[in-house]
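Subject: A structure for you to look at

Hi,

Here is the structure I promised to pass on. Have a look at it first, then read on for what turned up in it.

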Amino acid sequence: MVGVTHNITLIPGDGIGPEVAEAAVRVIDEAGVKIDWDRVECSEKIIKETGESVPTPVLRSLERNRVGLKGPVTTPIGGGYQSVNVALRKRLDLYANVRPVRTVPNLRTRFQDVNIDMVIFRENTEDLYSGLELEVVNDVVTSLKVITRKASLRIAKAAFEYTQQMGRKKVTAIHKANIMKLSDGLFLKCCREIAAGFPDITYKELIVDNASMQLVARPETFDVLVLPNLYGDIVSDLAAGLVGGLGVVPGGNIGEQHAVFESVHGSAPDIAGHGIANPTALLLSSVMMLQHIQEVAAADRLRHAVEEVYREGKTLTPDVGGKATTNEFADAVIAHLK
Ligand code: NAD
């Protein structure tokens, strides 16, 4: 891919978003990847002005470029506009939420002595998130859990293809089919069908409650996980907690045509403008983005450089116990790219 210029949408977002986004742009540039960034504004201010959860120029840019890097956007709680992330997932059919969870060297956590390296594939479009709720009679409500063959097959396929591409070894499907025999049963059936096409990859199944216990007791035994939406939501945050929390894990929302990579933390209004935000999550999301656009060597170098900065422990931001600014952290990463 040497010499190719990629067109990528950059959504800096709100709060610390622009600070970490500019650090990521600088670092990616130093990693030698040529990117023509299409900067578009998707912020609380512009959403309020336009009344659109995803402003049209943002959507058009992502439709054109097919790949985006996104910082956090402030979302009002309890009312106001729909979350930008939910709106983007729906508009671009980003059906796979992918979250690699890896031990960050030298970062103090309860699990710092364990080598954790797993990737979570969460189905992003259905299950209990279909929004089909009904008050049957007064004080009795139902919420419909929708599981389809189409959505289950495509998330399972995405997980297995990724496992093969990355030279990983094992996929674990997580379910509660002992109780939800039809819905989770269909999810499992689809996972088994896809697994049959990948005989070199070990396929396992775990009931979600047991999986949660195993994740805490033996996190190093997990490789790639595939889950329906709700279990995926809960388990991916549980897994993030094992390696230091949402501030250090990346994320990608991926569909057939489009992919948006983003840090999973919020806009951190309490520290915005102070220049001390930790850009790790967006840098690791950039690693995923570089893999997605086939810049695999640059992706490996960038991830290694971020890990080296943690290993040295001299240039860390205040949230992880250091005194460095966002730019000093980015400079340290750049120094390790050389
Ligand atoms: P938050 O993640 O913004 O902040 C929680 C705490 O973590 C704060 O103390 C903050 O300073 C710290 N923090 C977060 N990211 C950090 C970083 N990179 N470096 C250093 N410290 C960091 O969560 P919140 O306060 O609940 O949410 C703030 C706003 O962000 C809300 O409007 C929320 O809706 C929005 N949000 C957006 C996204 C997104 O766009 N992906 C995700 C989550 C929250």
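Before anything else, one term: a residue is called buried when its relative accessible area is under 20%, exposed when that value is over 50%, and partly exposed in between. Also keep in mind that this is a predicted model.

**A buried arginine**

Let's put that term to use. Arg-99 sits in strand 4, which covers residues 96-102. Is Arg-99 buried or exposed? Its relative accessible area is 7%, so Arg-99 is buried.

What does the side chain of Arg-99 reach? One partner is the backbone oxygen of Ser-236, at 2.9 Å. Another is Asp-237: the two side chains meet in a salt bridge, with N to O at 2.9 Å. This pair ties together distant parts of the chain, since Arg-99 is in strand 4 while Asp-237 is in helix 8 (residues 229-242), 138 residues apart. The two ends of the bridge also sit in differing surroundings: Arg-99 counts as buried at 7%, whereas Asp-237 is partly exposed, with a relative accessible area of 36%.

There is a network to look for as well. Arg-102, Asp-117, Arg-168, Asp-223 and Glu-307 are joined into one network by salt bridges that share partners.

**More salt bridges**

Side chains of opposite charge can pair when their charged atoms come close. How many salt bridges are there in this model? The count comes to 22.

Two of them are worth finding on your screen. Asp-331 and Arg-26 form a salt bridge through their side chains, at 2.9 Å from N to O. Here, too, distant parts of the chain are linked: Asp-331 belongs to helix 11 (residues 326-337) and Arg-26 to helix 1 (residues 17-30), with their positions 305 residues apart in the numbering. Asp-331 has a relative accessibility of 40%, so it counts as partly exposed. Arg-26, at 31%, is partly exposed as well.

Then look at Lys-45 and Glu-49, whose closest N and O atoms are 3.6 Å apart in a salt bridge. Both lie in helix 2 (residues 44-50), four residues apart, which is about one turn of the helix. Lys-45 has a relative accessible area of 54% and is therefore exposed. Glu-49 counts as exposed too, at 56%.

**Around the ligand**

The model also holds a ligand. Which residues come nearest to it? Among the 19 residues around the ligand, those are Val-73, Gly-266, Ala-268, Asp-270 and Asn-278. By type, the shell splits into eight nonpolar, seven polar and four charged residues.

Some contacts go to oxygen atoms of the ligand:

- Lys-70 has a side-chain N or O atom 3.3 Å from a ligand oxygen.
- Thr-75 has a backbone N or O atom 3.0 Å from a ligand oxygen.
- Ala-268 has a backbone N or O atom 2.7 Å from a ligand oxygen.

On its own the ligand has 810 Å² of accessible area, and the protein covers 66% of that.

**A nonpolar patch on the surface**

Next, turn the model until you find Leu-134, Val-136, Val-137 and Val-140. These residues form a nonpolar patch on the surface, with about 340 Å² of accessible area together. Where does the largest share of the patch come from? Three residues come from strand 6 (residues 133-137). Val-140 lies in strand 7 (residues 140-143). With 39% relative accessibility, Val-140 counts as partly exposed.

**Two backbone angles to check**

Most residues other than glycine have a negative phi. Two residues here have a positive one. Asp-139 is not a glycine, yet its phi is near 70°. It lies in the loop between strand 6 and strand 7. Asp-139 is exposed, because its relative accessibility is 71%.

Arg-66 has a positive phi of about 70°, again without being a glycine. You will find Arg-66 in the loop between helix 3 (56-65) and strand 3 (67-70). At 42% relative accessibility, Arg-66 counts as partly exposed.

That's the tour. Write back if you get lost along the way.

Cheers

How values were computed. Residues are numbered from 1 along each chain as its sequence is written. This is a predicted model: local features need pLDDT of at least 70, side-chain atom pairs count only at pLDDT 80 or more; totals for chains, interfaces and linings use all residues. Side-chain values use heavy atoms; hydrogens and water are left out. A residue is near a molecule or strand if one of its heavy atoms lies within 4 Å of it. A polar contact is a pair of N or O atoms within 3.5 Å; within protein, one must be able to donate a hydrogen and the other to accept it, and residues adjacent in sequence count only if both atoms are side-chain atoms. Accessible areas come from the Shrake-Rupley method with a 1.4 Å probe; for residues, only the protein chains shown count as cover. Ala, Val, Leu, Ile, Met, Phe, Trp, Tyr, Cys and Pro count as nonpolar, Asp, Glu, Lys and Arg as charged, and the others, Gly among them, as polar. Patches are made of residues with over 30% relative accessible area and no salt bridge: like charges are joined within 9 Å, nonpolar side chains (Val, Leu, Ile, Met, Phe, Trp, Tyr) within 5 Å. A salt bridge is a side-chain nitrogen of Lys or Arg within 4 Å of a carboxyl oxygen of Asp or Glu. Buried means under 20% relative accessible area, exposed over 50%, partly exposed in between (1.4 Å probe, protein chains only).
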